[in-house]
Amino acid sequence: QVQLVESGGGLVQAGGSLRLSCAASGGTFSSYHMGWFRQAPGKEREFVAAISWSGSTTDYADSVKGRFTISRDNAKVYLQMNSLKPEDTAVYYCAATRPTYWSATRTPANYAYWGQGTQVTVSS
């Protein structure tokens with residue numbers, strides 16, 4: 001199985017930046033599409049961003065487009081978050097899925113592996 005561990009969360013002022021990392025072990029990391037999701041209290045887990053196994057294709061939720069950037073290297077996937085807003089406050093999760101139709105990467109149920117999450121809190 002694939003194990004995923006997120007890091008980099010914390011408390012930041014509105015307008016500030018954070019960089020989340022997700023370290024993967026087990027499996028073949030480079031063969032998986034990777035996604036970032038978030039979940040705020042009382043809300044459903046929502047799609048944030050995804051990157052294809054090759055890194056050649058990315059996708060973003062409308063709410064973060066232009067502010068967040070997903071990237072990956074040979075061992076980790078990252079989420080650079082700029083211009084943070086209080087409504088970005090949530091637990092952020094990384095997830096891995098075997099290559100599938102690209103449209104499927106927006107749906108949490110299509111991911112087989114999940115990290116434990118890292119808290120991001122944006123103060124106003």
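**Figure 1. The disulfide of a predicted model.** Cysteine 94 has 0% relative accessibility, so cysteine 94 counts as buried (under 20% relative accessible area; exposed is over 50%, partly exposed in between; 1.4 Å probe, protein chains only). This is a predicted model, in which local features need pLDDT of at least 70, side-chain atom pairs count only at pLDDT 80 or more, and totals for chains, interfaces and linings use all residues. Residues are numbered from 1 along each chain as its sequence is written, and side-chain values use heavy atoms, with hydrogens and water left out. Cysteine 22 is also at 0% relative accessibility and counts as buried. A disulfide joins cysteine 22 to cysteine 94, with an S to S distance of 1.9 Å (the cut-off for a pair of cysteine sulfur atoms is within 2.5 Å). The pair links distant parts of the chain: cysteine 22 sits in strand β3 and cysteine 94 in strand β9, 72 residues apart. Strands here are DSSP runs (E, at least two residues), numbered from the N terminus. The torsion about the S-S bond of cysteine 22 and cysteine 94 is about 55°, so the disulfide is right-handed. A search of the whole structure finds one disulfide.

**Figure 2. Glutamate 6, a buried acid without a salt bridge.** Glutamate 6 belongs to strand β1, residues 3-7. Which side chain of opposite charge is nearest to glutamate 6? Arginine 45 is, at 7.6 Å (Lys and Arg count as positive, Asp and Glu as negative; His and the chain ends are not counted). A salt bridge would need a side-chain nitrogen of Lys or Arg within 4 Å of a carboxyl oxygen of Asp or Glu. Backbone nitrogens do come within reach of the glutamate 6 side chain: that of cysteine 94 lies 2.9 Å from one of its polar atoms, and that of glutamine 116 is at 3.0 Å. Polar contacts are pairs of N or O atoms within 3.5 Å; within protein, one must be able to donate a hydrogen and the other to accept it, and residues adjacent in sequence count only if both atoms are side-chain atoms. Leaving out residues up to four places away in sequence, glutamate 6 touches ten-membered company that includes Cys22, Trp36, Tyr92, Cys94 and Gln116 (contact means heavy atoms within 4.5 Å).

**Figure 3. Strand pairing around β3.** Strand β3 spans residues 18-25 and pairs with β1 in the antiparallel sense over five bridges. Pairing requires that DSSP finds at least two bridges between two strands. Leucine 4 stands opposite alanine 24 in β3. Strand β8, residues 76-81, runs antiparallel to β3, and six bridges join them. In this pairing, leucine 20 faces leucine 79 of β8. In a regular strand the side chains alternate between the two faces of the sheet.

**Figure 4. Methionine 81 and serine 83.** Methionine 81 lies in strand β8. Is methionine 81 buried or exposed? At 0% relative accessibility, methionine 81 counts as buried. Its contacts, not counting residues up to four places away in sequence, include Leu18, Leu20, Arg67, Phe68 and Val120. The C-alpha atoms of methionine 81 and glutamine 116 are separated by 19 Å, with their positions 35 residues apart along the chain. Serine 83 is found in the loop between β8 and β9 (90-97). Its phi is near 50°, a positive value in a residue other than glycine. Serine 83 counts as partly exposed because its relative accessibility is 40%.

**Figure 5. Salt bridges.** The structure holds five salt bridges. In one of them, aspartate 59 meets arginine 106, the closest N and O atoms being 2.6 Å apart. This pair links distant parts of the chain: aspartate 59 is in strand β6 (residues 58-60) and arginine 106 in the loop between β9 and β10 (113-114), 47 residues apart. Aspartate 59 counts as buried at 16% relative accessibility, whereas arginine 106, at 37%, counts as partly exposed. Lysine 65 and aspartate 62 also form a salt bridge, 3.3 Å from N to O. Aspartate 62 is exposed, with a relative accessible area of 66%.

**Figure 6. Aspartate 88, arginine 67 and their network.** Aspartate 88 forms a salt bridge with arginine 67, and the closest N and O atoms are 2.7 Å apart. Aspartate 88 lies in the loop between β8 and β9 and arginine 67 in the loop between β6 and β7 (68-72), so the pair ties together parts that are 21 residues apart in sequence. Aspartate 88 counts as buried at 0% relative accessibility, and arginine 67 is buried with a relative accessible area of 10%. Salt bridges that share partners join Arg38, Glu46, Arg67 and Asp88 into one network.

Terms used. Helix = DSSP H or I, 4+ residues; strand = E, 2+ residues; numbered from the N terminus.
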